[in-house]
Amino acid sequence: MKAMALPHMLNLNCAVKRDPDLIAAEADRDIVMVSIANGLYYGVSDVAREIWEAIEQPKKISDLIDDLTKTYNIDRAKCEQETLSFLEDLRSEGLLQVSDAPAS
């Protein structure tokens with residue numbers, strides 16, 4: 001049984017991974033996902049799609065933000081804010097698994 005508790009806010013040291021119980025398929029340039037647990041559909045595109053694809057395997061949030069800032073040549077602070085917000089949305093919907101990243 002999965003723990004549904006959200007003990008703390010996400011931070012750059014957390015490792016995130018998309019919930020493996022979701023069913024996802026490509027629809028044009030978007031990804032459409034279905035949560036079996038809650039029976040809802042979700043869609044992501046553009047940068048959100050890239051984040052979704054990047055977290056197929058556990059990934060430290062700071063590494064994800066490093067990759068995004070390089071790829072899109074955007075301000076790191078803005079990228080952190082928007083990425084953390086998007087990941088919090090995924091987590092609140094039960095679409096994200098979160099763990100403390102191992103010390104590097």
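Ala15 stands opposite Lys60, and Lys60 belongs to strand β5. I start with this pair as a way into the first sheet. Please keep in mind that this is a predicted model.

The strand pairing here is that of β1, residues 14-18, with β5. These two strands run antiparallel and are joined over two bridges. They belong to an open sheet of three strands, in the order β5-β1-β6, and the pairing in this sheet is antiparallel. Which strands are at the edges? They are β5, residues 59-60, and β6, residues 96-100, and each of them pairs on one side only.

Now the other sheet. It is also open, it has three strands, and the order is β2-β3-β4. The pairing is antiparallel in this sheet. Its edge strands are β2 and β4, each of which pairs on one side only. On average, neighbouring strands in this sheet are turned by 25° against each other, if direction is ignored.

Let me go through this sheet strand by strand. Strand β2 covers residues 23-27 and strand β3 covers residues 30-34; the two run antiparallel, with five bridges joining them. One residue pair to find on the screen is Glu26, whose bridge partner in β3 is Ile31. Between β2 and β3 there are two residues, and the strands form a hairpin. In the turn, Asp28 has a positive phi of about 60°.

Ala27 is a residue of strand β2. Is Ala27 buried, partly exposed or exposed? Its relative accessible area is 34%, so Ala27 is partly exposed. Along the chain, Ala27 and Gly43 are 16 residues apart, and their C-alpha atoms are separated by 9.1 Å.

On to β3 and β4. They pair in the antiparallel sense, over four bridges. Ile31, which we met as the partner of Glu26, has Val44 as its bridge partner in β4. The hairpin of β3 and β4 has six residues between the strands. Gly39 in this hairpin takes a positive phi near 70°.

Strand β4, residues 41-44, has side chains that alternate. Which of them are buried? Tyr42 and Val44 are buried and point to one face; Tyr41 and Gly43 point to the other face and are not buried.

Next, the helices. Helix α1 lies across β2, β3 and β4, and runs at about 60° to β3. Helix α1 also packs on another helix. It spans residues 46-54, and its partner is helix α3, residues 76-92; the angle is about 65° and the axes are 11 Å apart. That angle makes α1 roughly perpendicular to α3. The crossing of these two helices is right-handed.

Which residues make this contact? From α1 they are Ala48, Ile51 and Trp52, and from α3 they are Thr83, Phe86, Leu87 and Leu90. Sorted by type, the residues of this contact are six nonpolar and one polar, with no charged residue.

Helix α3 has a contact with α2 as well. Here the packing angle is about 125°, and the axes are 10 Å apart. With that angle, α2 is oblique to α3. The crossing of α2 past α3 is right-handed.

On the α2 side, the contact is made by Ile61, Ser62, Leu64, Ile65, Asp66, Leu68 and Thr69. On the α3 side, the residues are Arg76, Cys79, Glu80, Thr83, Leu84 and Leu87. This contact divides into seven nonpolar, three polar and three charged residues. Thr83 and Leu87 of α3 are in this list, and they are also in the contact with α1.

I will finish with a residue from the α2 side. Asp66 has its place in helix α2, which covers residues 61-72. How exposed is Asp66, and what is its relative accessible area? The relative accessible area is 28%, so Asp66 is partly exposed. Asp66 of α2 and Cys79 of α3 both take part in the contact of the two helices. These two residues are 13 apart along the chain, and their C-alpha atoms are separated by 9.0 Å.

To recap the layout: one open sheet has the order β5-β1-β6, and another has the order β2-β3-β4. Helix α1 lies across the strands β2, β3 and β4 and packs with α3, and α2 packs with α3 too.

Technical notes:
Residues are numbered from 1 along each chain as its sequence is written. This is a predicted model: local features need pLDDT of at least 70, side-chain atom pairs count only at pLDDT 80 or more; totals for chains, interfaces and linings use all residues. Side-chain values use heavy atoms; hydrogens and water are left out. Axes are lines fitted to C-alpha atoms, for helices over the stretch in contact, and angles run from 0 to 180 degrees between N-to-C directions. Angles under 35 degrees count as roughly parallel, over 145 as roughly antiparallel, 65 to 115 as roughly perpendicular and the rest as oblique. A crossing is left-handed if the near helix is turned anticlockwise from the far one by less than a right angle, and right-handed if clockwise. Contact means heavy atoms within 4.5 Å. Ala, Val, Leu, Ile, Met, Phe, Trp, Tyr, Cys and Pro count as nonpolar, Asp, Glu, Lys and Arg as charged, and the others, Gly among them, as polar. Buried means under 20% relative accessible area, exposed over 50%, partly exposed in between (1.4 Å probe, protein chains only). Two strands pair if DSSP finds at least two bridges between them.
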